[in-house]
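Have a look at the chain below and turn it around a few times before reading on. We'll go from the whole chain to a few single residues.

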Amino acid sequence: MRLEYIASAINYVWTGGVHRTYSSDFVEKIHHITSTINGWDDNHKFGVLFNAYTEGDEGEYHKELFSPYTIQGDSGGLQMITLGHTPTPELRRNVYETQSKYATHSMCFDEIPLRLPTGKSSLGDFDTRYYDKSMVPECAKQTAKNITEQVELFDSVGSDSKVFMIIQGNCIDTYQYWMDEILSNLSDDVVSKLHGIAVGGGCLGRGLLEDIEKICNDVSIECPDPST
């Protein structure tokens, strides 16, 4: 088993507005750390992550600074919900286009079964949103459509970015249902192009049990190469 460490919020490496300037000392230290980690036999790897929705304009800087490493592009689905934005086809396409250019690995755009009575929420505020199990079937089906759109766009532009399917749930049974529902709505060709599974924690609550479940589920499972 190889462990890969993924660092997010790397946009703090640079400062400034339109004309970016890099904190060269910090970049040098980051590269020293990452190269050291990548040099630990074959058991450890390093990568970075940016949000293709909220940090879309940062993608090129991630690629410029960290191209030797895995660059994951998150879809920003949860951020759209918490910001009260509507995930339109245009917004999703913008996310896919950003991922296709700058991410080596791209999270799918998952439709999260959450309701926000006040219209907005913060990422860590579970009191202003709640999981609605009745939304799961439709959200899972729409996620399957999003994955198909994402794969088709990547194919059309010749991107080799690898797609990860995000599964959502509130317990083992709902996670399993979500995955089964998505896979039943994808063509064999699209399934063959999925690179792995990322387990989302956006629908879990706040408490000791939920914290334990988050720790146990906070993994990305890379699928084996179907050709081997």
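Let's start with the big picture: buried residues make up 43% of the 228 residues in the chain. Keep in mind that this is a predicted model. Along the chain you can count 8 helices and 11 strands. If you take the contacts with a separation of 6 or more, 72% of them come from residues 24 or more positions apart.

**A strand with two partners**

Find strand β4, which covers residues 44-51. Is β4 mostly covered or mostly open? It is mostly covered, with 6 of its 8 residues buried. On one hand, β4 is joined by 5 bridges to strand β1 (residues 3-7), and these two run parallel. On the other hand, 5 bridges link β4 to strand β5 (residues 70-74), again in parallel. Val 48 is a handy landmark here: Ala 7 stands opposite Val 48, and in β5 its bridge partner is Ile 71. To get from β4 to β5, the chain passes through helix α2 (residues 59-66), and this β-α-β crossover is right-handed.

Now stay with α2 for a moment. Its buried residues are Gly 59, Tyr 61, His 62, Leu 65 and Phe 66. Look down the axis of α2 and these buried residues fall within an arc of 160°, so they line one face of the helix.

**The nonpolar core**

Phe 66 turns up again in the largest nonpolar core, which has 50 residues. Which members touch the most others? They are Phe 66, Ile 147, Met 165, Ile 167, Trp 178, Ile 182 and Leu 186. Helix α5 (residues 136-157) gives the most to this core, namely 8 residues. For a taste of what one member does, pick Met 165: leaving out residues up to four places away in sequence, Met 165 touches, among others, Cys 108, Ile 147, Met 179 and Ile 182.

**Three residues to zoom in on**

Here is how covered each of them is.

| Residue | Relative accessible area | Class |
|---|---|---|
| Arg 92 | 7% | buried |
| Asp 110 | 4% | buried |
| Lys 162 | 33% | partly exposed |

The cut-off for buried is under 20% relative accessible area. Arg 92 counts as buried because its value is 7%.

Arg 92 sits in helix α4 (residues 89-102). Its side chain makes a polar contact with the side chain of Asn 146, at 3.2 Å. Setting aside residues up to four places away in sequence, Arg 92 also touches Pro 87, Phe 109, Glu 111, Gln 142 and Glu 149.

Asp 110 belongs to the loop between β6 (105-107) and β7 (114-115). What does its side chain make a polar contact with? The partner is the side chain of Gln 168, at 2.7 Å. Asp 110 and Thr 143 are 33 residues apart in sequence, yet their C-alpha atoms are 5.0 Å apart in space. Beyond residues up to four places away, Asp 110 touches Ser 75, Gly 77, Thr 143, Ile 166 and Gln 168.

Last comes Lys 162, in strand β9 (residues 162-167). Not counting neighbours within four places in sequence, Lys 162 is in contact with Thr 104, His 105, Ser 106 and His 195. Lys 162 and Cys 108 are 54 residues apart in sequence, with 9.9 Å from C-alpha to C-alpha.

Terms used: Residues numbered from 1 in each chain as written. Predicted model: local features only at pLDDT ≥ 70, side-chain atom pairs only at ≥ 80, totals over all residues. Heavy atoms only, no water. Buried < 20%, exposed > 50% of the residue type's maximum accessible area, 1.4 Å probe, protein only. Helix = DSSP H or I, 4+ residues; strand = E, 2+ residues; numbered from the N terminus. Pairing = 2+ DSSP bridges. Right-handed = clockwise from strand over helix to strand, strands pointing away. Arc of directions from axis to C-beta. Core = buried A, V, L, I, M, F, W, Y, C linked by side-chain atoms within 4.5 Å. Contact = heavy atoms within 4.5 Å. Polar contact = N/O pair within 3.5 Å; in protein donor to acceptor, adjacent residues only side chain to side chain.
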